[in-house]
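Let's take a walk through a protein together, one stop after another. Have the sequence and the 3D view open as you read.

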Amino acid sequence: INSNSSSALSVSGGGTFAVPSANITGGYNGNGITGTIITGVHPTPDPLAYLPAPGETGAPPVPSAGSLIKTSLGGNSYQYDLYPGTYNNLPTFGNGDKVIFHQASSNGNGGIFYLASGGLNSSSAQVVMAAGETGGLMIYDAGTGTGNTINITGNKDSSVTLSPRTDGPYTGIVLFQSRTLTGDVSIVGNGAFNLSGTIYAPAARVSATGNGSASSIGSQWICRELYLVGNGNINVAYTNTTVARTRIISLME
């Protein structure tokens, strides 16, 4: 935690914050904090500052237009099949909808869902990866236009399952928000909620809510602020194979 505030980490509400260790530039307050807490450490630079966004020099190009196929499920519910590509103003996905994100192997756009405007808003919809495909995905919020936020809310009667790219420059990243975009990334875990990979929003606040027995919300968070709330457990399912690759500079002979 890079903040030099005396309450850079603050825990309230009777819950617990359990980690093996935490390095904090400033201080902390509140009860329920377990683990080895080290204060006064030097701030940690952004470990992904080297990584260009889609369309920037050295990065994959902005993908061609994505394909969205909408199929009625009866009533006011729909199935949405989304293929990697560029999107403007996606629909708001709601209760009863099924949203299928097709993976990198489905076309030549590198598994990138480039949100040129409108962000991603899903409330109580079932959100899954396409079966029988490989490569995972990365959702990139470009931060142009209005309403550019990422909001994903699970539902006890449906599931949310998203996993990151498995190769290429964006390996391990599931959500990448433009470095100029300050709007919150809001993720609410309810029911079967499994979002793996790195959530990278360097200029924004990530708000993660855990309800129920457990929600797996990302494998790594890199953000300006982190706000955790809820009535259940939030698990960070970290392994070194499910997060973004960092650059290590060293001397070799």
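**A loop with a buried arginine**

Arg165 has a relative accessibility of 10%, so it counts as buried; the cut-off for that word is under 20%. Keep in mind as you look that this is a predicted model. To find Arg165, go to the loop that joins strand 14 (159-162) to strand 15 (173-177).

What does the side chain of Arg165 make a polar contact with? One partner is the side chain of Asp167, at 2.7 Å. In addition, a polar atom of the Arg165 side chain lies 2.3 Å from the backbone oxygen of Gly135. Once neighbours within four places in sequence are set aside, Arg165 is in contact with Ala104, Gly110, Gly111, Gly135, Gly136, Leu137, Met138, Tyr170, Thr171, Gly172 and Ile173. Try showing these residues in your viewer, together with Arg165.

Now step along to Thr166, which is also found in the loop between strand 14 and strand 15. Is Thr166 buried or exposed? Its relative accessibility is 55%, so Thr166 counts as exposed, since exposed means over 50%. Not counting residues up to four places away in sequence, Thr166 touches Gly135 and Thr171. Gly135 and Thr171 also appear among the contacts of Arg165. For a sense of distance, look from Thr166 to Arg224: the two are 58 residues apart in sequence, and their C-alpha atoms are 25 Å apart in space.

Asp167 sits in the loop between strand 14 and strand 15 too. With a relative accessible area of 44%, Asp167 is partly exposed. You have already met its side chain, which makes the 2.7 Å polar contact with the side chain of Arg165. Looking farther afield, Asp167 and Asn31 are 136 residues apart along the chain, and 41 Å separates their C-alpha atoms.

**Into the core**

Let's turn to the nonpolar residues. In soluble globular proteins, nonpolar side chains tend to be buried together. The largest nonpolar core here has 32 residues, and the members that touch the most others are Leu82, Phe101, Ile139, Leu162, Leu175 and Ile199. Strand 18 (residues 198-210) supplies the largest share of this core, 5 residues. Another core lies apart from it, with 16 residues, among them Leu48, Ala59, Tyr170 and Ala244. Tyr170 may ring a bell, as one of the residues in contact with Arg165.

Leu82 is a good place to pause. Which residues does Leu82 touch, leaving out those up to four places away in sequence? They are Ser67, Leu68, Tyr87, Leu90, Phe93, Val99, Ile100, Phe101, His102 and Phe113.

**The largest pocket**

Next, look for the largest pocket, with a volume of about 2200 Å³. It is lined by 47 residues, and the closest to its centre are Ile1, Phe17, Trp221, Leu226 and Leu228. Which strand gives the most to this lining? That is strand 20, with 11 residues. At least two lining residues each come from strand 1 (9-10), strand 2 (17-24), strand 18, strand 20 (220-230) and strand 21 (234-235). Strand 18 thus links two parts of our walk, for it also supplies 5 residues of the largest core. Sorted by class, the pocket lining has 24 nonpolar, 19 polar and 4 charged residues.

**A few more stops**

Two residues are worth a look for their backbone angles. Asn89 has a phi near 55 degrees, a positive value in a residue other than glycine. You will find Asn89 in the loop between strand 7 (85-88) and strand 8 (98-101), and its 53% relative accessibility makes it count as exposed. Ser124 also has a positive phi, near 70 degrees, and is likewise not a glycine. Ser124 lies in the loop between strand 10 (120-123) and strand 11 (126-129), but at 16% relative accessibility Ser124 counts as buried.

Our last stop is Leu73, in strand 5 (residues 68-74). Leu73 counts as partly exposed, with a relative accessibility of 45%. Setting aside neighbours within four places in sequence, Leu73 is in contact with Tyr78, Gln79, Gly96 and Lys98. From Leu73 to Gly168 there are 95 residues along the chain, and their C-alpha atoms are separated by 36 Å.

Conventions. Residues numbered from 1 in each chain as written. Predicted model: local features only at pLDDT ≥ 70, side-chain atom pairs only at ≥ 80, totals over all residues. Heavy atoms only, no water. Core = buried A, V, L, I, M, F, W, Y, C linked by side-chain atoms within 4.5 Å. Buried < 20%, exposed > 50% of the residue type's maximum accessible area, 1.4 Å probe, protein only. Helix = DSSP H or I, 4+ residues; strand = E, 2+ residues; numbered from the N terminus. Contact = heavy atoms within 4.5 Å. 1 Å grid on protein atoms, 1.4 Å probe; cavity = no way out; pocket = protein on both sides within 12 Å on 5 of 7 lines; lining within 4 Å. Points joined across faces, edges and corners; volume = space filled by probe spheres on them. Nonpolar A, V, L, I, M, F, W, Y, C, P; charged D, E, K, R; others polar. Polar contact = N/O pair within 3.5 Å; in protein donor to acceptor, adjacent residues only side chain to side chain.
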